[in-house]
Amino acid sequence: MKEHYYTIGEVAKLSNLSVQTLRYYDQIDLFKPAHIDTHTNYRYYKDTQIFYLDIIKSLKYIGISLEDIKRALGLTSEELLVFLEQQEQRIEQKITRLNEVKYTLLKTKKQMQEQIDIPIFGDVYVQVEEEMPILQVTTTELTPTSSTNTYYATLTKIIEREGSVLNSRYGCIFPLARYTDVHSIIYDAIFTPLLTERTFSKLSPNIKQTIKPAGKYVCIAFIYHPDTYFSYYEKLRAYVEAQQEGYESIVYELYMPASFTFEHEKKFIVELKVRQKLIV
């Protein structure tokens, strides 16, 4: 049976590839013509070669580099099967990563919307919240006027070590009690909300991955200033004590940037919240 030859233009139409692409494949020795006319420099391809273009297109579609495709075309059937299994594993890893990125994006959008939806600054309000996974580090000497950078940096290193992404927020936990002033409020822990569902391993004894529980919270939000912090806390505590419903004796403090624009003096929003006890 006589072998049929195709011009580069005919192959381009048959394969739905551009002439420029076919020339490039020739240049990098990925898909070369069976014959080149020395007088006209025209490229000609055999019938049997078209099959390899389908393989190239399929492998390129799943994200394999041209260099790896070139290597794959030289493999035996058994070797090609192993190669494809490896590519499948790589794609699964990419899917997992993209799903995590999507989850992180949704959580970040939700947090920003919650910040936008704060009713009135300086007034007590009630809101129902979902559970929030957090990573926290124990502390015994910090107050609302202390710098928490060292502790926050510790959490940052752990999150980035695990290949996860950092939140723009952090928070503190302290007992709900009667204090004399802002300096008598001592934090039990510093935390950051987690944007992913992954489990962190090899944590030291003073660090743990836990959850801020879902429920009904009474809250107050304000622009942070050390001179006014205590008055807002007292307003929240007085409200809680005046209610007939029981509340837990833990205050969650959430600290977040007031805006994401560049400012010489950055302002931060503090949101204090106390959870209502569940009625059994």
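**Exercise 1. Work out how the contacts of the protein chain are spread along the sequence.**

Step 1. Fix the term: a contact means heavy atoms within 4.5 Å. Step 2. Take contacts in the protein chain between residues at least 6 apart in sequence; 70% of them join residues at least 24 apart.

A note on the source. The model is predicted: local features need pLDDT of at least 70, side-chain atom pairs count only at pLDDT 80 or more, and totals for chains, interfaces and linings use all residues. Residues are numbered from 1 along each chain as its sequence is written, and side-chain values use heavy atoms, with hydrogens and water left out.

**Exercise 2. Decide whether the protein chain is a compact globule or more spread out.**

Step 1. Count the elements: seven helices and eleven strands. These are DSSP runs numbered from the N terminus (helices H or I, at least four residues; strands E, at least two). Step 2. Compare radii. The radius of gyration is 31 Å, well over the 19 Å from the globule rule for 280 residues, so the chain is more spread out than a compact globule. The radius is taken over C-alpha atoms, and the rule is 2.2 Å times the number of residues to the power 0.38. Step 3. Check the extents: the C-alpha trace spans about 100 × 40 × 35 Å along its principal axes.

**Exercise 3. Describe the packing of H1 with H2.**

Step 1. Locate the helices: H1 covers residues 8–15 and H2 residues 19–27. Step 2. Read the geometry. Their axes lie 9 Å apart, at an angle of about 110 degrees. Axes are lines fitted to C-alpha atoms over the stretch in contact, and angles run from 0 to 180 degrees between N-to-C directions. Step 3. Classify. H1 and H2 are therefore roughly perpendicular (65 to 115 degrees). Step 4. List the partners: Ile8, Gly9, Val11 and Ala12 of H1 meet Val19, Leu22 and Arg23 of H2.

**Exercise 4. Are Asn16, Asp29 and Gln276 buried, partly exposed or exposed?**

Step 1. Set the cut-offs: buried is under 20% relative accessible area, exposed over 50%, partly exposed in between (1.4 Å probe, protein chains only). Step 2. Asn16 sits in the loop between H1 and H2. At 69%, Asn16 is exposed. Its phi is positive, about 60 degrees, although Asn16 is not a glycine. Step 3. Asp29 is in the loop between H2 and strand S2 (35–36). At 47%, Asp29 is partly exposed. Phi of Asp29 is also positive, near 65 degrees. Step 4. Gln276 belongs to strand S11 (residues 268–276). At 11%, Gln276 is buried. Leaving out residues up to four places away in sequence, Gln276 touches Lys216, Glu245, Gly246 and Tyr247.

Note on methods. Angles under 35 degrees count as roughly parallel, over 145 as roughly antiparallel, 65 to 115 as roughly perpendicular and the rest as oblique.
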